[in-house]
Amino acid sequence: MSFTDHRKMQLYGALLLLPAAILLATFAYLPTIATVVNSLFLPGFRGAPTQFVGLENYHVLFDDPTFWKVARNNLLYALGTIPTSIALALAMALFVNGKLRGRGFVRMAYFTPTILPMIAAANIWMFFYAPQIGLFNTLLGALGFSSVNWLGDPSVALGSVIVMSIWKEAGFFMIFYLAALQGIPPELKEASDLEGTSRWSFFWRVTFPLLMPTTLFVLINALINAVRVVDHLFILTKGGPNNATNLLLYYVYENAFSFFDRTMAATITVVILLVLAVVATLKFTVLDRRTHYQ
Amino acid sequence: MRLRIPFAMTTLAAGLLSAAHVNANSVDLTMYYPVSVGGALTDVVDNLVAEFESEHPDINVEAIYAGNYDDTRVRAMSAIEAGDTPQLSVLFSIDLYELIEQNAIVAFDDLVETDEEREWLNSFYPGLMENGQLDGKTYGIPFQRSTIVLFWNKDAFEAAGLDPETPPENWQEMADMATTVREASNGEQWGVMVPSTGYPYWMFQAFAFQNGHRLMSDDGTEVYFNDPAAIEALEYWVSLSTEHEAMPSGTIEWGTLRQNFLEQSTAMMWHTTGNLTAVRSDATFDFGVAMLPMSTQRGSPTGGGNFYIFEDTSEEEQRAAMTFIRWMTAPERAAAWSIETGYMGVSPAAYETDALQRYVEEFPPAAVARDQLEHGTAELSTYQGGRIRRALDNAVQAALTGQLSPEEALNQAQQEADSVLRRYAR
């Protein structure tokens, strides 16, 4: 290959990358940099110029008890939704991967929550949860239990939001597990049947390890979703009662658009980005090495 | 999208019309507006705009529906930041301080020129003007405005042995009647529900004002949340569920409350008059609408949206925007708007129109919000309003859910508000 050909190939490669690079720069890198910069300044009061304050905004944020409450809520939310929805997704996938009548229908039924827009789903659930007239309390009443104020009682409100999220997420993750299960060669099952392996140990020794890449993928997605929740809070609780269901991204929204405090919103965003970066690093360094790829 | 089509067509028609006239001086206006109750209000607005344009061929108005009050504020503020300032918008009446702080709006006093225009500026109910004025100047013109009213189920009252035509006059009566209904129904039906999500501060303000207490200063730099009268008001609200056991414990959802009332799971509810037309069309029982009960005085805060004209627009555009606002708030239009929505007619003259007079005669509840205006107070509005309202929302919810006593909760909210407002109290 001549020198000019080599240069041409390089240019060709660069041009191929250009569209993605421009999009990423415009919609990911520039806003990120702008956010970091914003978090270091304090806007002037009544027309006064903006002032560089270093890490002061972070000190203010870490002194804000609401922020810690919201962060704790978000942690509980992640712990509440991720393991359960992944386990449910796996169980549902194993179920609909087997031979059963009306398999297509069952698969579709499991997947339905996923295709509903979040706002629509939240509106439906708001009426499920409504005291007196809601579905759940009507059922409880029929069974002779007293009714619960699902979204209005701070001790159960976050749990109610978590249950709805699990319902919404599990069907989505099921699709990935189903695809992965169908990619497992049937010979493995045949061979283990010949050896007389129990179904239980076949699952733990063969199926589950082979599903590890999918689990990892789903785990990352679930984690991102847990930080990304904002839409159903608008409908269900607006973060209340008394911040019992307020989560990080909703708190960012509140600061930016209800309180007009762009600086604080930027500061919280940077903190979220840092935490996610740490998690991503852990994923690439620790979990990836322990995962079996085919 | 469905709603956008007739609008697109009217814009197109208006465009063709003005093109036919070839008017060199035509002015283009952009306006954002919110809708926060159900119904096809966008159609109503579109029709009004089309009618205005045919009467004023030299002014084109692009009316953009932008969601609820918060969404509309975000849309308008982002447009301003992007250098594409709308000439006018309908925004929350309590957005005043934020808009002033961002130097975003102009005072109508600086725009009016003739005596006729000055007269128009003085034609509205003073109670509705309160949230739009600061330092003696008017920045917001009332448009879709409301108060909180008491809806009661006459059938439930009758079943409980109460007089179906007599709503509670005061706090004691409301608690007693609510308890009576609750006991008569063997716990099947609640006596009263006051929503405590969405806008808890608004409801609390009503309680406090009925107890003779105003929560904020006129200039928006101070709040008085932990005054004994305010604490007493919150104690009464909490007692409806704890002591009288006539209201469910925990918070009560703003969005599903109307349905609760329609399904008769509560005999009384406090809600915005903006729900009136919807309750009227869906109720399967006889209901009434009354002013809120009193403690030492009657009272309800006003609510809803005002017209604002933005800075950074040419004088010609501001004049055109004012022409449009004057047309939209003229008595006949205000009357039509009130009938179609349940919102209030914004001026006394609106209630003197034939249309609204006939409507009120046929359906007397339509006048309750207006009559209550005499006992109205401005909605909670201060600098850093979002944060202040949130602090009060949290306090109300903490008290209603039993996390804090009313006194502790309001002390905490006061402390939070004081530290936020410190730099404004000069």
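# A tour of chains A and B

Start by selecting residues 202–224 of chain A: this span is 96% helix and 0% strand, and its end C-alpha atoms lie 31 Å apart. Keep in mind throughout that you are looking at a predicted model.

**Stop 1: the annotated spans of chain A**

The span you have just selected is one of the stretches that UniProt, in an unreviewed entry, lists under "transmembrane region"; the full set in chain A is 12–30, 75–96, 108–130, 156–181, 202–224 and 264–286. Colour them one by one if you like. For residues 108–130, the end C-alpha atoms are 27 Å apart, with 87% of the span in helix and 0% in strand.

Now widen the selection to residues 71–283 of chain A, where UniProt (unreviewed entry) places the feature "domain: ABC transmembrane type-1". Helix makes up 78% of this span and strand 0%, while its end C-alpha atoms are 21 Å apart.

**Stop 2: A:T84 and A:F52**

Next, pick A:T84, which you will find in helix 3 (residues 65–97) of chain A. A:T84 counts as partly exposed, at 37% relative accessibility. Draw a distance line from its C-alpha to that of A:F52: the two residues are 32 apart in sequence, and 45 Å separates them in space.

**Stop 3: two residues with positive phi**

Most residues other than glycine have a negative phi. Here are two to check against that.

Select A:N242 in the loop between helix 11 (231–236) and helix 12 (248–258) of chain A. A:N242 is not a glycine, yet its phi is positive, at about 50°. Is A:N242 buried or exposed? With 13% relative accessibility, A:N242 counts as buried.

Then move to chain B and select B:Q264, in the loop between helix 11 (254–262) and strand 8 (266–272). B:Q264 also has a positive phi, about 60°, although it is not a glycine. The relative accessible area of B:Q264 is 29%, so this residue is partly exposed.

**Stop 4: the cavities**

How many cavities of 30 Å³ or more does the structure hold? There are three. The largest cavity encloses about 90 Å³ of space. To display its lining, select A:M126, A:Y129, A:A130, A:P131, A:N149, A:L151 and A:G152 from chain A, together with B:T197, B:T251, B:I252, B:E253 and B:T256 from chain B. By class, this lining has six nonpolar residues, five polar and one charged.

The second largest cavity has a volume of about 40 Å³. Its lining draws on A:L151, A:L236, A:T237, A:G240 and A:P241, plus B:T197, B:T251, B:E253 and B:Q397. Five of these lining residues are polar, three nonpolar and one charged. While you are here, highlight B:E253: it appears in the lining of the largest cavity and in that of the second largest.

**Stop 5: aromatic pairs in chain B**

Over all chains, the structure holds 47 aromatic pairs. Zoom in on B:F52 and B:F324, an edge-to-face pair with 4.8 Å between the ring centres and 75° between the planes. B:F52 belongs to helix 2 (residues 41–55) of chain B and B:F324 to helix 13 (residues 315–328), so their pairing ties together parts that are 272 residues apart in sequence. B:F52 is buried, with a relative accessible area of 0%, and B:F324 counts as buried at 0% too.

Now select B:Y97 and B:Y383, a tilted pair: 4.8 Å centre to centre, 55° between the planes. This pair also links distant parts of the chain, 286 residues apart: B:Y97 is in helix 4 (residues 96–101) of chain B, and B:Y383 is in the loop between strand 11 (376–377) and helix 18 (385–400). B:Y97 is buried at 4% relative accessibility, and B:Y383 is buried at 6%.

Return to B:F52 and add B:F143, B:F307, B:F324, B:W327, B:W337 and B:Y343 to the selection; ring pairs link these residues into a cluster.

**Stop 6: arginines over rings**

Two last selections, both in side-chain view. Show B:R370 with B:Y351: the arginine lies over the face of the tyrosine, 4.4 Å from the ring centre. Then show B:R389 with B:Y201, where the charged end of B:R389 sits over the ring, 5.7 Å from its centre.

How values were computed:
Residues are numbered from 1 along each chain as its sequence is written. Chains are lettered from A and ligands numbered from 1 in the order in which they are written. This is a predicted model: local features need pLDDT of at least 70, side-chain atom pairs count only at pLDDT 80 or more; totals for chains, interfaces and linings use all residues. Side-chain values use heavy atoms; hydrogens and water are left out. UniProt positions are given in the numbering used here, feature names are shortened, and annotations may be inferred rather than shown by experiment. Helices (H or I, at least four residues) and strands (E, at least two) are DSSP runs, numbered from the N terminus. Buried means under 20% relative accessible area, exposed over 50%, partly exposed in between (1.4 Å probe, protein chains only). On a 1 Å grid over the protein atoms alone, a cavity is a set of points where a 1.4 Å probe fits but cannot get out, and a pocket is an open set with protein on both sides within 12 Å along at least five of seven lines; lining residues have an atom within 4 Å of a point. Grid points are joined across faces, edges and corners, and a volume is the space filled by probe spheres set on the points. Ala, Val, Leu, Ile, Met, Phe, Trp, Tyr, Cys and Pro count as nonpolar, Asp, Glu, Lys and Arg as charged, and the others, Gly among them, as polar. Rings of Phe, Tyr and Trp (its six-membered ring) pair if their centres lie within 6.5 Å; planes under 30 degrees apart count as stacked, over 60 as edge-to-face and the rest as tilted. A charge sits over a ring if NZ of Lys or CZ of Arg is within 6 Å of the ring centre and within 35 degrees of the ring normal.
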